[in-house]
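Me: I have a structure open and want to work through its strands and core. Can we go step by step?

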Amino acid sequence: MLNRIFNTIILIFGFTVFSIINTSCEKTKKTIGIVIVKDSNGNTVQDAIVVLHHDGLISTQGSFPEPNLRQEAPTDGNGRAEFTYDLEAILRIDVTKIEGNNTYTGSNIIRLLKEKTVTQVVEIN
């Protein structure tokens, strides 16, 4: 009888510990920003350079150092560039595409939300 009670207590204790460990080790999702670059005709643009940064968007006054949020990536065959951050941010998007002697540019703003994927389209001219 005592052995049966002891086994029940160990089983309940083990289940409780397993439940606490399982729920506390849940990984957070990534904060992802996707930029899609299109030309003035609506076609996606490959090999454009996309830069996400906060230059000029945040006041440099204050006592906290600014984190380095600048990231750069080329667009793929679908005109898409993907960026991953740890936290939320409001960033400026600058896009440049050089073809021969022509330089095409575009810009926009993206607001990244924590643990979400946000997509923004930028048109270059």
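Reply: Yes. Keep in mind that this is a predicted model. We can begin with the core. Leaving aside its neighbours within four places in sequence, Val50 is in contact with Val35, Val37, Gln71, Glu72, Ala73, Thr75, Ala81, Phe83, Ile93, Asp94 and Val95.

Me: Which residues have the most contacts inside the largest nonpolar core?

Reply: That core has 20 residues. Strands E1 (31-38), E2 (49-53), E4 (80-85), E5 (89-99), E6 (102-112) and E7 (117-123) each supply at least two of them. The residues with the most contacts inside the core are Val50 and Leu52.

Me: Which strand gives the largest share of this core?

Reply: Several strands contribute, among them E2 and E6, each with at least two residues. The largest share is 4 residues, and the strand that supplies it is E5.

Me: In the open sheet of 4 strands, which strands stand at the edges?

Reply: The pairing is antiparallel, and the order is E3-E2-E5-E6. An edge strand here has a single partner strand, so one side is left without a neighbour in the sheet. That applies to strand E3 (71-74) and to E6. From one strand to the next, the twist averages 20 degrees. The edge strands, then, are E3 and E6.

Me: How many bridges join E2 to E5?

Reply: The two strands run antiparallel. One pair of bridge partners is Val51 and Asp94 of E5. Another is His53 and Arg92 of E5. The number of bridges joining E2 to E5 is 5.

Me: Is His53 buried or exposed?

Reply: His53 lies in strand E2. Leaving aside its neighbours within four places in sequence, His53 is in contact with Arg70, Leu91, Arg92 and Asp94. Buried means under 20% relative accessible area. His53 has 6% relative accessibility, so the residue counts as buried.

Me: Which side chain joins that of His53 in a polar contact of 2.6 Å?

Reply: Look at E5. Arg92 in that strand is the bridge partner of His53. The 2.6 Å polar contact, however, runs between side chains, and the partner of His53 there is Asp94.

Me: Which residue of E6 stands opposite Asp94?

Reply: E5 and E6 pair in the antiparallel sense over 11 bridges. Elsewhere along this pair, Thr96 stands opposite Thr105 in E6. For Asp94, the residue opposite in E6 is Ser107.

Me: Which residue takes a positive phi in the hairpin of E5 and E6?

Reply: This hairpin has 2 residues between the strands. The phi in question is near 65 degrees. The residue is Gly100.

Me: What is the strand order in the open sheet of 3 strands?

Reply: Its pairing is mixed. E4 and E7 are the edge strands, each pairing on one side only. Neighbouring strands are turned by 20 degrees against each other on average, direction ignored. The order is E4-E1-E7.

Me: Which residue of E4 stands opposite Ile34?

Reply: E1 and E4 pair in the antiparallel sense. Their pairing covers 6 bridges. The residue of E4 opposite Ile34 is Glu82.

Definitions and conventions. Residues are numbered from 1 along each chain as its sequence is written. This is a predicted model: local features need pLDDT of at least 70, side-chain atom pairs count only at pLDDT 80 or more; totals for chains, interfaces and linings use all residues. Side-chain values use heavy atoms; hydrogens and water are left out. A nonpolar core is a set of buried Ala, Val, Leu, Ile, Met, Phe, Trp, Tyr and Cys residues joined through side-chain atoms within 4.5 Å. Buried means under 20% relative accessible area, exposed over 50%, partly exposed in between (1.4 Å probe, protein chains only). Contact means heavy atoms within 4.5 Å. Two strands pair if DSSP finds at least two bridges between them. Axes are lines fitted to C-alpha atoms, for helices over the stretch in contact, and angles run from 0 to 180 degrees between N-to-C directions. A polar contact is a pair of N or O atoms within 3.5 Å; within protein, one must be able to donate a hydrogen and the other to accept it, and residues adjacent in sequence count only if both atoms are side-chain atoms.
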